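Work through the exercises below with the sequence and the coordinates open. Each task is followed by a solution in steps.

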Amino acid sequence: MSQISAHIADLRKSYERAELNEDASKADPLAQFDQWLQEAVSAQVAEPNAMTVATVGNDLRPSTRIVLIKGYDARGIVWYTNYDSRKGNELAGNPFAALQFHWVELERVVRIEGRVERVSDEESDTYFHSRPLDSRIGAWASPQSQVISSRSVLVTNAAKYGAQFLLKPPRPPHWGGFRLVPDRWEFWQGRKSRLHDRLRYRTESGPDDSQVWVRERLAP
């Protein structure tokens, strides 16, 4: 074991950059997310669009991976992937997921939970054709999450599909977008003495059976 293993419990950081209170936060969690994401981009944090996606398989084992958010609006949060990947198969069996953004430099975390659906073929086509050529070929070349004998499999596949499709590879039928429709958000702002700010938004039925957002503070 390295020396760090003996001292890792001693690592400490005091969070003192900002605060998050009910008066200054948005009533709509999407608006709050939009503000924080804009601030993360403006602060030039490393990959502000990177998020963890957590899914659960039929064996009830959770798994996580990092993907990049590619769109968000009132309908939900969108990312793109191989539908035959582990996350794709797990979402097919259990269409619920959790997302997490961690902007370390701003001492902020956003957690989002909800049901997941596929985006339309039209949306997937539009995004696919906006990608660089190498990325489009890569979507064909990689049998994501499957065991391969060596990296040469990927290189060989990329050469094969590059020669087959030239400059116009179509979107693979196994590749497209997912949209998480949030029913719960949490915004975490690090604070001094571990008395962090946590605001949760959850849906609740309104007087006309519409869904409204309820904002509440959680103990850290």
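The exercises go from the whole chain to single residues and then to ring pairs and helix packing.

The model is predicted: local features need pLDDT of at least 70, side-chain atom pairs count only at pLDDT 80 or more, and totals for chains, interfaces and linings use all residues. Residues are numbered from 1 along each chain as its sequence is written, and side-chain values use heavy atoms, with hydrogens and water left out.

**Exercise 1. Describe the protein chain as a whole.**

Step 1. Count the secondary structure elements, taking helices (H or I, at least four residues) and strands (E, at least two) as DSSP runs numbered from the N terminus. The protein chain has six helices and nine strands.

Step 2. Take the extent along the principal axes. The C-alpha atoms fill a box of roughly 60 × 55 × 40 Å.

Step 3. Assess burial, where buried means under 20% relative accessible area, exposed over 50% and partly exposed in between (1.4 Å probe, protein chains only). Of the 220 residues, 38% count as buried.

Step 4. Find the exposed area by the Shrake-Rupley method with a 1.4 Å probe; for residues, only the protein chains shown count as cover. The protein chain exposes about 13100 Å², and carbon and sulfur atoms supply 51% of this area.

Step 5. Look at contacts (heavy atoms within 4.5 Å). Among those with a separation of 6 or more, residues 24 or more positions apart account for 64%.

**Exercise 2. Characterise the surroundings of R65 and of L37.**

Step 1. Place R65: this arginine is found in strand β2, residues 62-68. Its relative accessibility is 15%, so R65 counts as buried.

Step 2. List the partners of R65. Leaving aside residues up to four places away in sequence, R65 touches M51, T52, V53, A54, T55, R86, K87 and E90.

Step 3. Check the side chain of R65 for polar contacts (N or O atoms within 3.5 Å; within protein, one must be able to donate a hydrogen and the other to accept it, and residues adjacent in sequence count only if both atoms are side-chain atoms). The side chains of R65 and S63 are joined by one of 2.8 Å.

Step 4. Turn to L37, which lies in helix α2. L37 has a relative accessible area of 9% and is therefore buried.

Step 5. Apart from residues up to four places away in sequence, L37 touches P48, Y72 and W103. The C-alpha atoms of L37 and R108 are separated by 10 Å, with the two positions 71 residues apart along the chain.

**Exercise 3. Which residues other than glycine have a positive phi near 65 degrees or of about 45 degrees?**

Step 1. Recall the background: most residues other than glycine have a negative phi.

Step 2. E47 has a positive phi of about 45 degrees. E47 is placed in the loop between α2 and β1 (50-56) and is exposed, at 54% relative accessible area.

Step 3. For S193, phi is near 65 degrees. S193 is in the loop between β7 (175-189) and β8 (197-205), and at 56% relative accessible area S193 is exposed.

**Exercise 4. Trace the aromatic pairs that involve F178.**

Step 1. Apply the rule: rings of Phe, Tyr and Trp (its six-membered ring) pair if their centres lie within 6.5 Å; planes under 30 degrees apart count as stacked, over 60 as edge-to-face and the rest as tilted. The count comes to 18 aromatic pairs.

Step 2. Classify W79 and F178. Their ring centres are 5.9 Å apart and their planes are at 40 degrees, so the pair is tilted. W79 is in strand β4 (residues 76-82) and F178 in strand β7, 99 residues apart.

Step 3. Classify Y83 and F178. Here the centres are 5.1 Å apart and the planes at 75 degrees, so the pair is edge-to-face. Y83 lies in the loop between β4 and α3 (86-93), so the pair ties together parts that are 95 residues apart in sequence.

Step 4. Check burial. Y83 is buried at 6% relative accessible area, and F178 is buried at 5%.

Step 5. Note the cluster that ring pairs form from F33, W36, Y72, F101, W103, W185, F187 and Y201.

**Exercise 5. What do the buried residues of α5 pack against?**

Step 1. In helix α5 (residues 133-141), the buried residues are R136, I137, A139, W140 and A141.

Step 2. These residues pack against α4 (121-128), α6 (151-165) and β7.

Methods
Accessible areas come from the Shrake-Rupley method with a 1.4 Å probe; for residues, only the protein chains shown count as cover.
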